[in-house]
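Student: I have a model open in front of me and would like to learn how to read its features. Could we go through them together?

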Amino acid sequence: MNASLKKIVAGAALAFGALGAFAAEPIKIGSVLSVTGPAAFLGDPELKTLQLYVADINKKGGVLGRQLQLVHYDDGSDAGKANGFTKRLIDDDKVDILVGGTTTGATMSAVPLVERAGIPFISLAGAVVIIEPVKKWVFKTPHTDRMAAEKVFEDMKKRGISKVALFSETSGFGASGKKETEAVAAKYGITLVANETYGPKDTDMSPQLTKIRNTAGVQAVFVFGLGQGPAIVTKNYKQLGINLPLYQSHGVASDEFLTLAGPAAEGVRLPSPAQLIPEQLPANDPQKAVVTAYAEAYKAAYKTDVSTFGGYAYDGLMLAVDAIKRAGSTDKAKVRDALEATKGFVGTSGTFNMSPTDHMGLDLSAFRMLEVKNGNWTIVQ
């Protein structure tokens, strides 16, 4: 072989090697989660879920012939830190898509960054402000706070309840929940005759509950918060001997709430995704197979029960993977367009049907009304 031919062969080998290396580049999934701090019981199962399913997908050959790489940071339930970590994921880690934002505060601190960078972002937080008004690059998997209020008011209406005390947390999720609850109450013939708040780090809510108890005409109490606060409210409620129906939001749709609130949770009602009650779903329910498989895989891996919050992460990752497959690449604009065109995607939170005007794609039927009976969740018939 002459020298010039050797050079051509060597050059081709180098080019082929570079091409092979390029083809094998991992697809980077970026995530900022509240794994520690007040929102840890949301963020911890979210991270565990992402780790479990990224490993599972990689074992099965990855996506588009490439492995997934999860790049994640813990914001410690601090929205300011979430902003810094999101910037790092975009600028330094060069991730292809973001799945995360445990809380509304963390999500909203990341939104300006992802919109400026033009990177698809699937949030795992609850407030309606995340997707209304529609933001080009932002999507989310949990039901909104407005939907939770509407589902609760639907149930109250059936029970003949029209005068309600609202008790909300001053966090991003609780504040948005308060606003949305106030906005939809009249639509369901509900009058808010008392309206109290508590801080996310408060350890005794008896003073506010005493005020509610002493308010004339109150027929039920609706608590809007997440983390440990709603469990403390539930315990204080029992201690004060308040016998009115007590409702919580989907912010506590987790077995952790049952553990924290203990026997005081008996009779509490709340809207929840199907994830908490897979065994109670009828065989023909389209979600049964999905929520059952997720529950079994999570329990086998971590020897603990699933939560709806882990389910939000499952849905976020699977929606991302589905969009990347349909886009046929990790081109950010193509993946964004594929996400927006998602139709009939069955997840743990419901069946997603997104559109240019709806970047969540769930309706009220995705919520089940549950009641705590004998220390367990049951579907309200």
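Tutor: Gladly! Let us begin with a loop: N374 lies between β13 (368-373) and β14 (376-379). Keep in mind that this is a predicted model.

Student: What is the sign of phi at N374?

Tutor: Phi is positive there, about 50°, although N374 is not a glycine. N374 is also exposed, with a relative accessible area of 73%.

Student: Which other residue that is not a glycine has a positive phi?

Tutor: Look at K303, where phi is near 55°. K303 sits in the loop between α10 (288-302) and α11. At 70% relative accessibility, K303 counts as exposed, because the cut-off is over 50%. For a glycine case, go to G241, which follows α8 and has a positive phi near 70°.

Student: And the peptide bonds? Is the one from E132 to P133 cis or trans?

Tutor: Read omega for that. The bond from E132 to P133 is cis, with omega near -5°. P133 belongs to the loop between β4 (121-123) and β5 (138-140).

Student: Now burial. Is T330 buried or exposed?

Tutor: Relative accessible area is the number to read, and under 20% means buried. T330 has 15% relative accessibility, so T330 counts as buried. As for its place, T330 is in the loop between α11 (308-327) and α12 (332-340).

Student: What does T330 touch, beyond residues up to four places away in sequence?

Tutor: With those set aside, T330 touches I27, R66, D96, I324 and V335.

Student: Is R336 buried or exposed?

Tutor: R336, in helix α12, has 8% relative accessibility and therefore counts as buried. Leaving aside neighbours within four places in sequence, R336 is in contact with P120, K136, W137, F139 and H359. You can also compare sequence distance with spatial distance: R336 and G118 are 218 residues apart in sequence, yet 9.1 Å apart in space, C-alpha to C-alpha.

Student: Can burial be read for a whole element? How many residues of α8 are buried?

Tutor: Count them along the element. Eight of the 11 residues of α8 are buried, so α8 is largely enclosed by the rest of the structure. Among them are G229, P230, I232 and Y237. The elements covering the buried residues of α8 include β6, β7, α7 (206-213), β8, β9 (246-248) and α9.

Student: How many residues of β6 are buried?

Tutor: For strand β6 (residues 163-169), the count is six of the seven, so β6 too is largely enclosed by the rest of the structure.

Student: Which strands pair with β6, and in what sense?

Tutor: Count the bridges and check the direction. Seven bridges join β6 to strand β7 (residues 191-198), and these two run parallel. Within that pairing, V164 has L192 as its bridge partner. To get from β6 to β7, the chain passes through helix α6 (residues 172-184), and this β-α-β crossover is right-handed. β6 also pairs with strand β8 (residues 220-224), again in the parallel sense, over five bridges. There, L166 has F222 as its bridge partner.

Student: Let us turn to empty space. What is the volume of the largest pocket?

Tutor: The largest pocket holds about 470 Å³ of space. Its lining has 27 residues, with P38, A39, E169, P200 and L226 nearest the centre. Of the elements, α4 gives the most to this lining, with three residues. By class, the lining of the largest pocket divides into 11 nonpolar, 11 polar and five charged residues.

Student: And how many cavities of 30 Å³ or more are there?

Tutor: A search of the whole structure finds two. The largest cavity has about 100 Å³ of space. It is lined by 15 residues, and L42, L124, A125, G126 and F173 lie nearest its centre. That lining has eight nonpolar, seven polar and no charged residues.

Student: What is the volume of the second largest cavity?

Tutor: About 70 Å³. Of the 14 residues lining the second largest cavity, V32, T86, G100, G101 and F121 are the closest to its centre. Two or more lining residues come from each of β1 (27-33), α3 (79-91), β3 (97-100) and α4 (104-117). By class, this lining has eight nonpolar, five polar and one charged residues.

Terms used. Residues are numbered from 1 along each chain as its sequence is written. This is a predicted model: local features need pLDDT of at least 70, side-chain atom pairs count only at pLDDT 80 or more; totals for chains, interfaces and linings use all residues. Side-chain values use heavy atoms; hydrogens and water are left out. On a 1 Å grid over the protein atoms alone, a cavity is a set of points where a 1.4 Å probe fits but cannot get out, and a pocket is an open set with protein on both sides within 12 Å along at least five of seven lines; lining residues have an atom within 4 Å of a point. Grid points are joined across faces, edges and corners, and a volume is the space filled by probe spheres set on the points. Ala, Val, Leu, Ile, Met, Phe, Trp, Tyr, Cys and Pro count as nonpolar, Asp, Glu, Lys and Arg as charged, and the others, Gly among them, as polar. Helices (H or I, at least four residues) and strands (E, at least two) are DSSP runs, numbered from the N terminus. Buried means under 20% relative accessible area, exposed over 50%, partly exposed in between (1.4 Å probe, protein chains only). Two strands pair if DSSP finds at least two bridges between them. A crossover is right-handed if, with the strands pointing away from the viewer, the path from the first strand over the helix to the second runs clockwise. Contact means heavy atoms within 4.5 Å.
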